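Open the structure in your viewer and keep the selection tool at hand. The stops below say what to select and what is there.

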Amino acid sequence: GFPEMVDVIERCKQDGVSKKEVLLQLAGVEGVYVPTLYRSKYSANGIFNGMEPVNEQAPFPVQSRIVESLKPEYYPDKPLVPLCEIVHDRLAVEIMRGCSHGCRFCEAGMSYRPRRVRPVSDVVNHVVKGILTTGWDEVSLVSLSTTDYPGIEKVVQQAGSQLKSKAVSISLSSLRADNFSLKMAEATAGGRKTGLTFAVEAGTQRLRDVINKNLTEEQLLKTVESALTHEFSKIKLYFMIGLPTETDEDVLAIAELLNKLSALSKRFKGRHINVTVSPFAPKPLTPFQWENQDSADTIARKTRLVKNNLRSRFINIKEGSPLQALLEARFGRGGRELGAVILNAWKRGSKLNGWSEHFDGKIWLDVFRDAGIALEEGGGGVEPGTVLPWSHLHFGVDESFLHAEREKAFQGITTPACDRICHSCGMYAPFCNSLKKASGENSVQKPVQEKPSAPSMMYGRKKKPVPGKSATSILPGTRMRLQYTKNSANRFTGHLDIVRVFDRTFRRAGIPVAYSQGFHPHPSISFGHPLPLGIKSRAEYADFSLSIPFTGIEAALQKGFPDGFHLVKIRSIPDNAKSLSSIVSLAEYFVRCEVNDTLITNISDILKCESIPVKRITKKGEKIVDIRSGIVEISIADDRSGFNMLLSLDSRQQARPSELLELISADGRLNDVTRTEQYAVSQGKKISPMEII
């Protein structure tokens, strides 16, 4: 649909038509919803009565449009890689769209039907190419229910055989405890024991049947026991409270189930299990879209009921925010009238509500109260058959199917996954059936040509050899030292992010850097003293080891470096060369600024001082440090374009550039600073790290 939208906009721009006409023509593209072409209807007593088009050319209802096949061209070959660390700092590859399980609270599982599967060969190609072009060391296989993907183990095996020696791990999202394979998880982790997350949702089998969560307690206990046996370090479980038909007995059953899991944990050195208990919020386009929601007080009482009946210190409970869940339900069920409420909240200072430190619940309580809604009381349930704010939009699942599923929920009847039997849920059912017939041909690929080595060798990770011995053996002539620059906006990239930049640069460039051994391999790269944030540099250094000799390394690095980084020189160093941090003790800086009498006087006064105490904030609190011994030299440049500073990097007498600049210029305008060189001192002489043998 998007290419068609672009064509419409381009054509309209060439014809010089009005914005109103552009929107009308866009509405003619299947799957496009233009809100201004529809208005709300109300009954005589002011009750919402649905939406109606304001133009006869506007489609009604607006029908969603689906991608029939997940083609390779829909996915970027070279995704953007940020220099800083992000939340999901990995390559994400969608392997499947839609879900066949039909959990009755899940909006995504209903609106993204039917299930469409990417062929194994396409997934493998995207994984391998994505890792090679981005330099990431982890890839996440993404879908609503990843363990349902046919051929998941083939993807792991084939990608693993092509990425071995790259120290890459594959993680799975959205695991189900009823079809989870520990063999699969161990393979995807490449020998590294990662965390496992399962959504259990309810404590009793009765309530799990109500929500159509086809999972038994026996399956969950067996899966968790196996995970603990195989030394997976973290296990996380999700539960919901406030589900339709829930009683206190169901809530207490969550605590009872967690106590059983805790007893399992005690047998395995008391590993902690993290549990999140979140309030239920009815979602649009689901069988539970008409249901009521518990009040904030009821949610809090039920959460206490769970916590007060736990008998273990190995279970860590995290509570979902009742108020945020109430907001989620109101926004999900509300119509256009909520626009005024949201605007009012913004005017009162509500912002960045996704961050707990910025979320102000009082503002939301007040603006809803002004709109005549007591948000904290929950509620919001509506009678089935009532016209809903989204009734003019059709996402492929008929409302009659949602009604039927709701009735089955209250009878405790489960519905089998639709990949086994079609339930004729809506207009896409025939297409869904055609996909099932073709899935055997499309998703199952040829047998793996190259079998990966033993599980402990997956993706280049090896089991730790002998405790206490060196984890990395260095071949002669494979230890290298390089000098690089860091300019422009990259001066605001922190040291830890620089470490990640180098790791990814080596991967992108195809340089065979050596890795440590064990469950958490790290590239054999070490750096000198971190550059203070905001300062440019012409002389940063790093040491690294190669797993095998590599020719053309300089050209490969220049090609792999992101903008703002430039390789100055590179050379081999002895295998037993001392680390940069142990030999480099001085750093030279140039501050570009206007040189006037005041600046010269300030510098002269500083050099005359025998003691310069400054205040520093540390993790242990505030302390006073004398930085005078760390100031080796300050001199005005010959062309009076600024001044040079030579400062000690010794942690016992270090003078930070920012501290010294504040003393020299109180107005804080000295912000054009460049580290021009770093030195080691030998026999009273300053020596560049590139000159040290």
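Start with the cysteines: a search of the whole structure, which is a predicted model, finds zero disulfides. Select Cys 422 and Cys 432. The sulfur of Cys 432 is the closest cysteine sulfur to that of Cys 422, and at 6.1 Å the pair is too far apart for a bond, since a disulfide requires sulfur atoms within 2.5 Å. Cys 422 has 27% relative accessibility and counts as partly exposed.

Now select Cys 609, which is in no disulfide either. Its nearest cysteine sulfur belongs to Cys 593, 19 Å away. Is Cys 609 buried or exposed? Neither quite applies: with a relative accessible area of 33%, Cys 609 is partly exposed.

Next, select the sheet made of β9, β10, β11 and β12. These four strands form an open sheet in that order, with parallel pairing. Which strands stand at the edges? They are β9 (195-201) and β12 (315-319); each has a single partner strand, so one side of each has no neighbour in the sheet. From one strand to the next, the twist averages 20°.

Zoom in on residues 273-279, strand β11. Five bridges join β11 to β12, and the two run parallel. Within this stretch, pick Thr 276, which stands opposite Lys 318 in β12.

Add the helices that accompany the sheet. Helix α9 (residues 248-266) lies across β9, β10, β11 and β12, and runs at about 170° to β10 (234-241). Helix α10 (residues 296-308) also packs on the sheet, where it touches β10, β11 and β12. The direction of α10 makes about 175° with that of β12.

Move on to residues 597-608, helix α19, and residues 657-664, helix α20. Their axes come within 9 Å and cross at roughly 120°, which makes α19 oblique to α20. To see the contact, show the side chains of Leu 599, Asn 602, Ile 603 and Ile 606 on α19, and of Leu 660, Leu 663 and Ile 664 on α20. By class, this contact has six nonpolar residues, one polar and no charged ones.

Last, select residues 613-618 and 621-626, strands β19 and β20. The two strands run antiparallel and are joined by six bridges. They form a hairpin, with two residues between them. Which residue of β20 is the bridge partner of Arg 616? Select Lys 623 to find it.

Terms used:
Residues are numbered from 1 along each chain as its sequence is written. This is a predicted model: local features need pLDDT of at least 70, side-chain atom pairs count only at pLDDT 80 or more; totals for chains, interfaces and linings use all residues. Side-chain values use heavy atoms; hydrogens and water are left out. Two strands pair if DSSP finds at least two bridges between them. Axes are lines fitted to C-alpha atoms, for helices over the stretch in contact, and angles run from 0 to 180 degrees between N-to-C directions. Angles under 35 degrees count as roughly parallel, over 145 as roughly antiparallel, 65 to 115 as roughly perpendicular and the rest as oblique. Contact means heavy atoms within 4.5 Å. Ala, Val, Leu, Ile, Met, Phe, Trp, Tyr, Cys and Pro count as nonpolar, Asp, Glu, Lys and Arg as charged, and the others, Gly among them, as polar. Buried means under 20% relative accessible area, exposed over 50%, partly exposed in between (1.4 Å probe, protein chains only).
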